[in-house]
Amino acid sequence: MTAVSLIIPAFDAADFLDATLRSVSQQDLADFECLVVDDFSSDGTLSIAKRWRARDQRIRIVTQRARSGVSAARNAGLRAARGALCAFLDADDLLMRDSLRLRLLAWQRASRAAGPETAERIAGSYCGSETIPESLMQPPRSRPIDLLPVGFATMGGRCPFNANQPMIRRDVLLEMGGFNETMSQAEDYDLWSRILRAGYWFAPSPQVAVTYRARAGSAVRKAPSRHLEASLALHDGGERALGPGVLSRSPGRLVRPHGHYAHQATKAGRILQFCGMELGSDDARPLDDIATVIARHLPDLPDVLPPTTPAARLLGAGITRQTTRPLSGQDEKRVAALLKSVAGRRHDAKAPADGNGPPLLSGPFGDADRDRLWQPERQAEIDLLFLPHKDYHTWTIGLAAPALRAAGMRFAIIDISAQWREGGVAAKAAEMALPLIRYGELALGAFAPRLVVAFNDWDFVTRPILVAAEQAGIPTAAIVEGIQDYGDVDTGQTRHAYRTARTVLLPGDFDRRYFPAGGGQSLAVAGIPRIQLLRGQAADRPPADRARQAGSRRVLINSNFSHNVLTERRDAWLTQAVAAVRHAGLEPVISRHPEDKGTLFPELVTQASFYETLESCCASIQRFASGILESLAAGVPVIYFNPHGERVDKFSSDPMGAYPVAVTGEALAGHLTTLGDWREAALARADAFLDHHAGHGDIDSGAAIAEGLRAAMGPPPDAETLARFRRNLRIIDQQTEALTRREMIFDDPATAVARMAALAEADMPPERLVAALADADVQSGAQAAVGGKAEAGIGRRGRRSRARLAWRGRVALHERLEQAYRASARWPRLHRLARRAGEYYQRNFSPL
């Protein structure tokens, strides 16, 4: 069991990260892990983290594949964490040597002092912080400081501490949904406010044990006005009551304004002690009368006292002060009876209360993005969750959006850029005004989807999410947005494409042949929205424009050898295509796919988009690509050129007379030379071909997609289903370093659900880790290293030396496999072998 997970978000932190990790490695707590979250740095941050990982087994690395910001990076570390408690450290700050141990001990002592009934209300502990100059690279020694318990009643509306100071139970962080990933200023103050308003307390660890580095380029100094605006909103929000849906995941939420609780907290000690004195006097009033006084002045008694200072103790102190003797058993019974009577008279804390302004109906900020974690009920209102990889996937969702809304289906797009890579999803969603959330919010949130929808259902990001939903009992669907090598006859992989989702929306009837009858999947044809759009535009095109295009001398050559599929044949294919066009007396124009890494003929490559280029060309040369469908839909004759032996049969099995097929450069040149002879006949047959491969011309693809998804959608999930879904997402994050490790944990969709169930059966929930750690002994680093005097000696040192050598050997082999993978990028087959070797090693031998 890991006691503490220390999470360090790092972006371009090479100047300070070495000193930060040195202070981490010198911690005197034995049982902790450190997760360095590299937020797509462009300097040496990742290299420094890897060097420290090679030295210290407790250091792990999470690598984001797109810049996401400090909140998302912290959440990624939280999702990958295995500890019962979590602490956060900025990449330029330092820990005193005993920082983690002291804070862990403070939480344990407070939990034991509070007792089993109220320990649940202790979210963690916090220590003091010391500001250091930018030049200091060694942490000072920890020193004592007076600190008090922090709760909503005692925080005074202020931010109680910076991000480095608290150590927090992981189950509490998960309940809160982590940091708000849309915020870049005061995001820590926002999280602390939610935790405290949910009724939790922080116990003091009365030492200065962390540092805060004063830097000219810090986030606060870059945008002080934005930080102030967010801070004031949180401060003022504390002085307003909570509406019914705010912080609804937290049963102990404090609905009344801060001042209501703070007023009680300032007088609670005095009231209880003097009521205890009366209870101990010879002429005490009846117990019910004393209870009435306490209930009238302290209607929220359990919420204004720290869990480590129970009311019974203060009442007992009053009795002792009155009687000048220790408490007797009879005294304790009277105190218990008094508190029971008080509890029966308490004002209903859930009732609304006046404050400075109307109650908070969504959150303190008054805008949907920054308030989203204050009102988790809104997350549960979303019916469909989409998992697009690219901007054109998002564009497809946008075309279906009107039909989805008309059908009453609420949806959101999940941005997986940090886990997969930047694909323009967020920008396209903003352009089309589509609701967008980051994956971290889904993994940590309270979403209750009735359907999870992917476009690619086979990669290391989307397949685990779909499996998590399926195993929980939430339906899944996939949209085949274009063309697909379903059987992987040319990809060199075994993807089992579109075998994970239960419902598959196909582009055309042709694709049904790839799905076996009785395979347990529901199939429907939804067409391809962009093809339908192109067909409509071509039909409306003036005859003069068509004639002008037909008379053009330009021929578009679509080079789309990407993703290591037949890329070794790219240059030969392109050379033959260019030569054929020139032999026919025409002008070659190359449109290169964004993922095509070819370098030949740079003088022929157009900077215009594929569609813009297509409008000015008289013909198009394609390999296996959706460009064949797009060219035909736009009314441009196309030639399928396959001299390199593509085996996928989509465009070779039956062209239906819509285009010729050429397998040699000479045949291609011949088709181009005789273009005028076959052009009109082929285009006349294009509609039938497109109907079969991309949906009928009169189909509304957006409406068809919406209807297919409506049919696939299940009922609103119940509480048990949602609990399984959240548990599965948490397990996947821990298995895959928050979905950033390129390792497929579900190779075969046929066994994926069973494997997910097996992982769930072996899972230990965070709340059980917390309960176990509360009573465990804390072992210092010195104890771990020496193992006690009885185990000291040559044998012990020898075992440690062998373990260190074995670890460094495994790290070295891991890095050699990484280097082989990068160095083999120019040779696709060797590249795939290096990737498989790396994945096998990681899966079976490496803990990195």
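Guide: Two strands count as paired if DSSP finds at least two bridges between them. Keep in mind as we go that this is a predicted model.

Visitor: Happy to start there! In what order do the five strands of the open sheet run?

Guide: The pairing in this open sheet is parallel. Strand 18 (residues 619-622) and strand 19 (residues 638-641), for instance, pair in that sense over three bridges. Read across the sheet, the five strands come in the order 17-16-18-19-20.

Visitor: Which strands stand at the edges of that sheet?

Guide: Look for strands with a single partner strand, so that one side is left without a neighbour in the sheet. The two that fit are strand 17 (587-592) and strand 20 (661-662).

Visitor: Which residue in strand 19 is the bridge partner of Ile621?

Guide: Strand 18 covers residues 619-622 and pairs with strand 19, residues 638-641. The bridge partner of Ile621 there is Ile639.

Visitor: What angle does the direction of helix 23 make with that of strand 19?

Guide: Helix 23 (residues 665-673) packs on the sheet, where it touches strand 16 (554-559), strand 18, strand 19 and strand 20. Between its direction and that of strand 19 the angle is about 175°.

Visitor: Let's move to the loop after strand 16. Is Thr567 buried or exposed?

Guide: Thr567 lies in the loop between strand 16 and helix 20 (570-583). Leaving out residues up to four places away in sequence, Thr567 touches Phe561, Ser562 and Pro828. The cut-off for buried is under 20% relative accessible area. With a value of 13%, Thr567 is buried.

Visitor: Why is helix 17 described as largely enclosed by the rest of the structure?

Guide: Its cover includes strand 9 (384-387), helix 16 (439-444), strand 12 (451-454), strand 13 (476-479), helix 27 (719-735) and helix 28 (749-761). Among the buried residues of helix 17 are Arg463 and Glu470. Helix 17 (residues 462-472) is largely enclosed because its buried residues number eleven of the eleven.

Visitor: And which residue just after helix 17 takes a positive phi?

Guide: Helix 17 spans residues 462-472. Just after it comes a phi of about 105°, and the residue that takes it is Gly473.

Visitor: One last pair: how is helix 14 oriented relative to helix 18?

Guide: Trp395, Thr396 and Leu399 in helix 14 meet Pro529, Arg530 and Leu533 in helix 18. By class, that contact has four nonpolar, one polar and one charged residues. The axes of helix 14 (residues 391-406) and helix 18 (residues 529-539) are 9 Å apart, at an angle of about 70°. That makes helix 14, relative to helix 18, roughly perpendicular.

Notes. Residues are numbered from 1 along each chain as its sequence is written. This is a predicted model: local features need pLDDT of at least 70, side-chain atom pairs count only at pLDDT 80 or more; totals for chains, interfaces and linings use all residues. Side-chain values use heavy atoms; hydrogens and water are left out. Buried means under 20% relative accessible area, exposed over 50%, partly exposed in between (1.4 Å probe, protein chains only). Helices (H or I, at least four residues) and strands (E, at least two) are DSSP runs, numbered from the N terminus. Contact means heavy atoms within 4.5 Å. Axes are lines fitted to C-alpha atoms, for helices over the stretch in contact, and angles run from 0 to 180 degrees between N-to-C directions. Angles under 35 degrees count as roughly parallel, over 145 as roughly antiparallel, 65 to 115 as roughly perpendicular and the rest as oblique. Ala, Val, Leu, Ile, Met, Phe, Trp, Tyr, Cys and Pro count as nonpolar, Asp, Glu, Lys and Arg as charged, and the others, Gly among them, as polar.
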